[in-house]
Amino acid sequence: MLQRARKENSKVVLVAGGAGFVGSHLCDALLSRGDRVICIDNYLTGSPDNVLPLMNHPSFRFIEADICELQGIGEPVDHVYNLACAASPPQYQADPVHTMMTCVAGTRNLLSIAEQCGARFLQASTSEVYGDPVEHPQQEDYRGNVNCTGPRACYDEGKRAAEALCFDMVRADRVDARVARIFNTYGPRMQRHDGRIISNLLVQAISHEPLTIYGTGEQTRSFCFVSDLVAGLIALINVDPNPGAPVNLGNPGEFTVLELAEMVLLMVSTTSKIVHRPLPQDDPQRRRPDISRARALLGWEPKIHLSEGLRLTADWFHATLPRQLQACSS
Ligand code: NAD
């Protein structure tokens, strides 16, 4: 009777995408709260290293599976978090049809599991649902400016479809689903080659390679440290009543890409210099969350300043990059 042996209020939690960057931090946080965690991942963009320390934990179970094919998991759960989806543009564009199917068929399969168990559901959506926004900062009511036929559509439109599925299930009173619109998040366990701006710049600086900036570098981004995001996800699935609407989770501090590169150059001892490359298609110019809803409903607010989070992330890359490079050359 595993459930009885756990702390009062502890839950059985399914984390899809739990071997990924955010998902593995979420698994850690849930286990620390005393929850039992069932992690599903197909290792498409996640890494066994992220969950290796958890494999012998008595409250952790790992299922290697693709959520597009998932029928069930053979035990009831209280909460389902759906984080399964490649999240960086080169990775989600590598197989765009699979990305779209992960968002639609995969989310449908996980919602069915939640429905069967009467479990609460949290969908990891994204600021990309706002596309290249013409309103700034982005509030949840803004409907976005997405190119539905462009190379990013498999992700942007896939995530929009997944949100629609969740709210259809809520309206039909079939699943208590919540939607987090996550803005750029960074921290230890980001992949060095995932094409995201912070990992790119840190790895380039540590390796003494030129720091690549796409376009002029005047485009802005906001960056949320992973522990802040995980706290927001856990608050959102636990809040009563269901907000019944998406909730932005991100750090409203706004920096140009050039400012970020300059912070990296100050932080990492390096011979690297900045180089500019052409801007990719559909790259948003400005991105900054309005988090009034998360503040009001969840009492949530990010705590880690970019300089502190960058330092923690740089330290992690310093410690692990040699091993990561060795693993890929052997
Ligand atoms: P990640 O790529 O590190 O993690 C995604 C995980 O999902 C990986 O472990 C991958 O192997 C797994 N996965 C992908 N497709 C799958 C499938 N079909 N079946 C089973 N597992 C599958 O990305 P992340 O940064 O940890 O992002 C987690 C979630 O948060 C994603 O849904 C992403 O869209 C969302 N999000 C992240 C950010 C961010 O800045 N990190 C921003 C917005 C939204």
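**Entry 1: H208 and other unusual backbone spots**

I looked up H208 and found it in the loop between helix 7 and strand 8 (211–214). The model I am reading is predicted. H208 is not a glycine, yet its phi is positive, about 60°. Most residues other than glycine have a negative phi, and most peptide bonds are trans. I checked how covered H208 is. Its relative accessible area is 43%, so I put H208 down as partly exposed.

Next I turned to Y43. Its phi is also positive, near 60°, and Y43 is not a glycine. I traced Y43 to the loop between strand 2 (36–41) and helix 3 (48–51). Is Y43 buried, exposed or partly exposed? With a relative accessible area of 21%, Y43 is partly exposed. The cut-off for buried is under 20%, so Y43 misses that class.

Then I looked for cis peptide bonds. One runs from H136 to P137, with omega near -10°. P137 sits in the loop between strand 5 and helix 6. Another cis bond joins D240 and P241, and there omega is about -10°. I placed P241 in the loop between helix 8 (226–238) and strand 11 (247–249).

**Entry 2: around the ligand**

How many residues surround the ligand? I noted 30, and the closest are V22, D41, T45, Y155 and R196. I sorted the shell by type. It divides into 15 nonpolar, 11 polar and 4 charged residues.

Which elements supply the shell? Helix 2 (21–33), helix 5 (96–117), strand 5 (120–126) and helix 6 (153–171) each give at least two residues. Strand 5 has the largest share, with 3 residues.

I then went through the polar atoms facing the ligand. A polar side-chain atom of D41 is 2.6 Å from a ligand oxygen. For L83, the atom is a backbone N or O, at 3.1 Å from an oxygen of the ligand. C85 also uses its backbone: a polar atom there is 3.4 Å from a ligand oxygen. I also looked up the cover. On its own the ligand has 820 Å² of accessible area, and the protein covers 98% of that.

**Entry 3: the nonpolar cores**

I opened the largest nonpolar core next. It holds 62 residues. Which of them touch the most other members? They are Y81, I198, L233, L249, L306 and L310. I picked L233 and listed its contacts, leaving aside neighbours within four places in sequence. The list reads V22, Y81, L83, L122, A180, I182 and L249. Two names were familiar from the ligand entry. V22 is among the residues closest to the ligand, and L83 has a backbone atom 3.1 Å from a ligand oxygen.

Another core lies apart from this one. It has 25 residues, including I40, I67, V77 and A119. In soluble globular proteins, nonpolar side chains tend to be buried together.

**Entry 4: one loop, two residues**

I moved to the loop between strand 7 (185–186) and helix 7 (197–206), where R189 has its place. Its side chain makes a polar contact with the side chain of S24, at 3.0 Å. Beyond neighbours within four places in sequence, R189 is in contact with F21, S24, H25, D28, N50 and W316.

G195 is also in the loop between strand 7 and helix 7. Its contacts, again setting aside neighbours within four places, are P90 and N200. G195 has 34% relative accessibility, so I wrote "partly exposed" beside it. I also checked its distance to W316. The two are 121 residues apart along the chain, and their C-alpha atoms are separated by 17 Å.

**Entry 5: two buried residues**

I ended with S10 and G309. S10 is in the loop between helix 1 (2–5) and strand 1 (12–16). Is S10 buried or exposed? It counts as buried because its relative accessibility is 11%, and the cut-off is under 20%. S10 touches G34 and D35, not counting residues up to four places away in sequence.

G309 belongs to helix 11 (residues 306–329). Its relative accessible area is 0%, so G309 is buried. Not counting residues up to four places away, G309 touches Y186, F225 and I304. From G309 to N50 I count 259 residues along the chain, and their C-alpha atoms are 19 Å apart.

Terms used. Residues numbered from 1 in each chain as written. Predicted model: local features only at pLDDT ≥ 70, side-chain atom pairs only at ≥ 80, totals over all residues. Heavy atoms only, no water. Near = heavy atom within 4 Å. Polar contact = N/O pair within 3.5 Å; in protein donor to acceptor, adjacent residues only side chain to side chain. Areas by Shrake-Rupley, 256 points an atom, 1.4 Å probe, with all protein chains shown as cover. Helix = DSSP H or I, 4+ residues; strand = E, 2+ residues; numbered from the N terminus. Nonpolar A, V, L, I, M, F, W, Y, C, P; charged D, E, K, R; others polar. Core = buried A, V, L, I, M, F, W, Y, C linked by side-chain atoms within 4.5 Å. Buried < 20%, exposed > 50% of the residue type's maximum accessible area, 1.4 Å probe, protein only. Contact = heavy atoms within 4.5 Å.
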